[in-house]
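Trainee: Could we walk through how the pieces of this protein model pack together?
Mentor: Sure, take a look and ask away.

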Amino acid sequence: MQINMIAVGNKMPTWVEQGYQEYAKRLPHEYRLILKEINPGKRGKNSDTARIVRDEGQRMLQAVPAGAYVVTLDIPGKPWSTEQLAKAMQRWQQNSQQVALMIGGPEGLSDQVREQAQESWSLSPLTFPHPLVRVIVAEQIYRAWSILKSHPYHR
């Protein structure tokens, strides 16, 4: 199963890239985690933010592999425990589907992306910096995998 993390933003700080890579490389091939960065729209003092978010959403949807199961990461989504994430990953693998985890930019996800989602996952009611979300999600996917495989990491 391939899990595609489709995230708005590029040129991340080194600690973000290192944190993401640390967990992505720990996953076995059957749970490959692939990061697809979407260039953010240019923001300025008088930017049309709604248009920027809409454009980012279109580019995000273009990056979704055909037939992939789309999951948004969004504050109004459903909060999952790590065990619930493990069950979701097991379900995704049993359905032989690629997964697209959608992480928006500073203003969040476009309505188009939300409409395409089969599920919406909330990491927390808190707002996290978008670069940090990449690291948190990669770690949680690794932790959920460790539960599925009875690996000692989760303990």
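**Helix packing and the core**

Mentor: To start, helix α3 (residues 82–94) and helix α5 (residues 130–148) have axes that come within 8 Å and cross at roughly 75°. Helices here are DSSP runs of H or I with at least four residues, strands are E runs of at least two, and both are numbered from the N terminus. Axes are lines fitted to C-alpha atoms, for helices over the stretch in contact, with angles from 0 to 180 degrees between N-to-C directions. This is a predicted model, where local features need pLDDT of at least 70 and side-chain atom pairs count only at pLDDT 80 or more, while totals for chains, interfaces and linings use all residues. Residues are numbered from 1 along each chain as its sequence is written, and side-chain values use heavy atoms, leaving out hydrogens and water.

Trainee: How is α3 oriented relative to α5?
Mentor: Go by the crossing angle, roughly 75°. Angles of 65 to 115 degrees count as roughly perpendicular (under 35 is roughly parallel, over 145 roughly antiparallel, the rest oblique). So α3 is, relative to α5, roughly perpendicular.

Trainee: What end-to-end distance does α5 have?
Mentor: The expected span is 1.5 Å times one less than the number of residues. With 19 residues, α5 should therefore span 27 Å. The model agrees, as the end C-alpha atoms of α5 are 27 Å apart.

Trainee: Which element gives the most to the largest nonpolar core?
Mentor: A nonpolar core is a set of buried (under 20% relative accessible area, 1.4 Å probe, protein chains only) Ala, Val, Leu, Ile, Met, Phe, Trp, Tyr and Cys residues joined through side-chain atoms within 4.5 Å. The largest has 30 residues, and L33, M89, W92, L101 and I141 touch the most other members. Elements giving two or more residues include β1 (2–8), α1 (14–26) and α3. The top contributor, with seven residues, is α5.

Technical notes:
Buried means under 20% relative accessible area, exposed over 50%, partly exposed in between (1.4 Å probe, protein chains only).
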